[in-house]
Amino acid sequence: MECTALESLIEMGFSQNRAEKALALTGNQGIEQAMDWLMEHENDPDVDEPYVPPQGHVLGTEEPPEGSTPETVEARADLVEEGSAEGDDKHPLTEEEKREQTKRMMELIAQKQREREEREKRETIEREKQRRKQGQELSMIRQKLQEDEMKKMAEERRREKMEEKLAKQRVREKIERDKAERVKKFGGGGSSQAPAEPVQETPVPSSPSQEPPTKREYDQCRIQVRLLDGTSLTQTFKAKEQLAAVRLYVELNRKDGGEPFHLLTSFPRRIFTDEDMEKPLQELGLVPSAVLIVAKKCNS
């Protein structure tokens, strides 16, 4: 039977070395077990090397298991001899039987290959599912972080805009209150220009012994602002108001465009800085009246 299995494997296209090694390493349990071994080890680097049985081992026999007694070994040998004798009584396979057996074995090989391919395909699909699942989880985490960051930035912008809006509203309210106080004080039909301050006459000392005149304190300041297009704005402010009030008045009433600008005086020439915006008009020497010029701010 072993010889028939070896010949069948060789007829199926396996080399003799592979067939002998498969039968020996599967304990000569049949063609199906040998074919399973060949399919599992077809990529082994030493699969085509000749099979070298262990010392005292003959192809088609098995080593006695551990603990076997001489009696059991002799009994197994008798069984092998009886099987060999029975095998000798069997008629050799005909060509048709060999072809039929080869056909069954080829079908078995094809089935084993299909099963292996299906198993590998399922494993590949499962790995791809795991990879996609992990990718989706990472994408969701990144998207959530981006959304949280965008919400945070939007909230900061809303807060900054609200603070800026409230600051402008406070300045507008202050300007309106100042306008109302000036109208109430000077009267008139709501003109934005207050009456000009009377020109102060400087007394001329009649003699060297005459005392110098006392410096007059002003609580009002008349400011004329010349715009970029040649027009001008005139408004009266309190002497203690900051220069920022004048700048805001210009921003709200100018008609010459919305370019960034500086405020300056022509004589003596002085460009007012951001720090000057916090100073009162009397400290800047603009009381009782002054002429300011609007100049374009150069981008640095």
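## Exercises on a predicted model

**Exercise 1. At what angle do the axes of helix α3 and helix α5 cross, and which residues meet there?**

Solution.
- Step 1: locate the helices. Helix α3 covers residues 31–40 and helix α5 covers residues 95–186. Their axes come within 11 Å and cross at roughly 40°. This model is predicted.
- Step 2: classify the angle. The oblique class takes angles outside the roughly parallel (under 35 degrees), roughly perpendicular (65 to 115) and roughly antiparallel (over 145) ranges. α3 and α5 are therefore oblique to each other.
- Step 3: give the hand. The crossing of α3 past α5 is right-handed.
- Step 4: list the partners. From α3 come Ile31, Glu32, Met35, Asp36 and Met39. From α5 come Gln101, Met105, Leu108, Ile109, Lys112, Gln113 and Arg116.
- Step 5: sort them by type. This contact has six nonpolar, two polar and four charged residues.

**Exercise 2. How do α5 and α6 cross: at what angle, and with which residues in contact?**

Solution.
- Step 1: take the geometry. The axes of α5 and α6 come within 11 Å, crossing at roughly 95°.
- Step 2: classify it. The range for roughly perpendicular is 65 to 115 degrees. So α5 is roughly perpendicular to α6.
- Step 3: list the partners. Val171, Arg172 and Ile175 in α5 touch Ala245, Leu248, Tyr249 and Leu252 in α6.
- Step 4: sort them. Six are nonpolar, none is polar and one is charged.

**Exercise 3. Which residues of helix α6 are buried, and against which elements do they pack?**

Solution.
- Step 1: apply the cut-off. Buried means under 20% relative accessible area.
- Step 2: read along α6, residues 243–253. The buried residues are Leu243, Ala245, Val246, Arg247, Leu248, Tyr249 and Val250.
- Step 3: find their neighbours. They pack against helix α5 and against strands β1 (220–226), β2 (232–238), β3 and β5.

**Exercise 4. Why is α2 described as largely enclosed by the rest of the structure?**

Solution.
- Step 1: count. Seven of the 10 residues of α2 are buried, so the helix is largely enclosed by the rest of the structure.
- Step 2: name them. They are Arg18, Ala19, Glu20, Lys21, Ala22, Leu23 and Ala24.
- Step 3: look just past the helix. Gly27 has a positive phi of about 75°. Asn28 has a positive phi of about 55°, although it is not a glycine. Asn28 sits in the loop between α2 (16–25) and α3.

**Exercise 5. Where are the cis peptide bonds that precede Pro268 and Pro288?**

Solution.
- Step 1: take Pro268. The Phe267–Pro268 bond is cis, with omega about -10°. Pro268 lies in the loop between β3 (261–266) and β4 (269–271).
- Step 2: take Pro288. The bond from Val287 to Pro288 is cis, with omega near 5°. Pro288 lies in the loop between β4 and β5 (289–296).

**Exercise 6. What is the overall pattern of the chain, and where does pLDDT stay under 50?**

Solution.
- Step 1: count the elements. The chain has six helices and five strands. Their order is α-α-α-α-α-β-β-α-β-β-β.
- Step 2: check burial. Of the 300 residues, 24% count as buried.
- Step 3: check long-range contacts. Among contacts with a separation of 6 or more, 62% join residues 24 or more positions apart.
- Step 4: check confidence. Mean pLDDT is 79, and 76% of residues reach 70 or more. Over residues 57–89, pLDDT stays under 50. For that stretch the model has 14 contacts beyond four places in sequence.

Methods: Residues are numbered from 1 along each chain as its sequence is written. This is a predicted model: local features need pLDDT of at least 70, side-chain atom pairs count only at pLDDT 80 or more; totals for chains, interfaces and linings use all residues. Side-chain values use heavy atoms; hydrogens and water are left out. Axes are lines fitted to C-alpha atoms, for helices over the stretch in contact, and angles run from 0 to 180 degrees between N-to-C directions. Helices (H or I, at least four residues) and strands (E, at least two) are DSSP runs, numbered from the N terminus. A crossing is left-handed if the near helix is turned anticlockwise from the far one by less than a right angle, and right-handed if clockwise. Contact means heavy atoms within 4.5 Å. Ala, Val, Leu, Ile, Met, Phe, Trp, Tyr, Cys and Pro count as nonpolar, Asp, Glu, Lys and Arg as charged, and the others, Gly among them, as polar. Buried means under 20% relative accessible area, exposed over 50%, partly exposed in between (1.4 Å probe, protein chains only). pLDDT is the predictor's confidence in each residue, from 0 to 100.
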